[in-house]
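Hi,

Here is the structure I said I would pass on. My notes on it follow below the files.

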Amino acid sequence: MDIKGKVHEVGEVITVSEKFKKRELVVEYAENPSYPEYVKFEAVQDKVNLLDAVKVGDQVEVFFNLRGRPWTDKMGKT
């Protein structure tokens with residue numbers, strides 16, 4: 001999937017552990033300019049460096065994958 005918009009925020013690289021790092025990107029998506037949406041993306045591992053050249057206010061196109069799975073509570077209920 002992809003989305004086009006204006007960069008609202010570029011986060012710092014966060015080192016979660018010795019082997020895992022992440023960085024956040026917030027994009028202003030204005031399908032309806034009167035009510036813009038702010039969508040947060042997360043780059044992980046080697047992809048965090050892709051955001052080095054991105055600045056607030058830049059127009060960008062973000063390509064992303066959606067992943068999900070059912071949530072199961074402690075009682076085993078999905």
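Arg23 has a relative accessibility of 10%, so this residue counts as buried (under 20% relative accessible area is buried, over 50% exposed and anything in between partly exposed, with a 1.4 Å probe and protein chains only). Before I go on: this is a predicted model, where local features need pLDDT of at least 70 and side-chain atom pairs count only at pLDDT 80 or more, while totals for chains, interfaces and linings use all residues. Residues are numbered from 1 along each chain as its sequence is written, and side-chain values use heavy atoms, leaving out hydrogens and water.

Back to Arg23. Its place is in strand S3 (strands are DSSP runs of E with at least two residues, helices are runs of H or I with at least four, and both are numbered from the N terminus). What does Arg23 touch, leaving aside residues up to four places away in sequence? The list is Val10, Gly11, Glu12, Val13, Phe41, Glu42, Ala43, Val48, Leu51 and Asp52 (contact means heavy atoms within 4.5 Å).

Asp52 deserves its own mention. Arg23 and Asp52 form a salt bridge, with 2.7 Å between the closest N and O atoms (a side-chain nitrogen of Lys or Arg within 4 Å of a carboxyl oxygen of Asp or Glu). This pair links distant parts of the chain, since Arg23 sits in strand S3 and Asp52 in the loop between S4 and S5, 29 residues apart. The two side chains also make a polar contact, again at 2.7 Å (N or O atoms within 3.5 Å; within protein one must be able to donate a hydrogen and the other to accept it, and residues adjacent in sequence count only if both atoms are side-chain atoms).

How many salt bridges does the structure hold? There are three. As general background, side chains of opposite charge can pair when their charged atoms come close.

Another of the salt bridges joins Glu24 to Lys40, with the closest N and O atoms 3.5 Å apart. Glu24 is in strand S3 and Lys40 in strand S4, so here too distant parts of the chain are linked, 16 residues apart. Glu24 is partly exposed, at 27% relative accessible area, whereas Lys40 counts as exposed at 54%.

Then there is Glu42 with Lys22, whose side chains meet at 3.7 Å, N to O. Lys22 belongs to strand S3 (residues 20-29) and Glu42 to strand S4, so this salt bridge ties together parts that are 20 residues apart in sequence. Both ends are partly exposed: Glu42 has a relative accessible area of 47% and Lys22 one of 22%.

Now the aromatics. Searching the whole structure turns up one aromatic pair (ring centres of Phe, Tyr or Trp, the last by its six-membered ring, within 6.5 Å; planes under 30 degrees apart are stacked, over 60 edge-to-face and the rest tilted). Phe41 and Phe64 have ring centres 5.2 Å apart and planes at 55°, so the pair is tilted. Phe41 lies in strand S4 (residues 37-44) and Phe64 in the segment after strand S5 (59-63), so the pair ties together parts 23 residues apart in sequence. Phe41 itself counts as buried, with 13% relative accessibility.

On the surface, Ile14, Val16, Phe20 and Val44 make up a nonpolar patch with about 300 Å² of accessible area together. Patch residues have over 30% relative accessible area and no salt bridge, with nonpolar side chains (Val, Leu, Ile, Met, Phe, Trp, Tyr) joined within 5 Å and like charges within 9 Å; areas come from the Shrake-Rupley method with a 1.4 Å probe, and for residues only the protein chains shown count as cover. Phe20 is in strand S3 and is partly exposed at 32%.

A backbone oddity: Gln45 is not a glycine, yet has a positive phi of about 55°. Most residues other than glycine have a negative phi. Gln45 lies in the loop between S4 and S5 and is partly exposed, at 30%.

Last, the segment after S5. Thr78 lies there and counts as exposed at 67% relative accessibility. Beyond residues up to four places away in sequence, Thr78 touches Pro70, Trp71 and Thr72, and the side chains of Thr78 and Thr72 make a polar contact at 3.4 Å. The C-alpha atoms of Thr78 and Ala30 are separated by 35 Å, with their positions 48 residues apart along the chain. Arg67 is in that segment too, and is exposed at 82%.

Cheers
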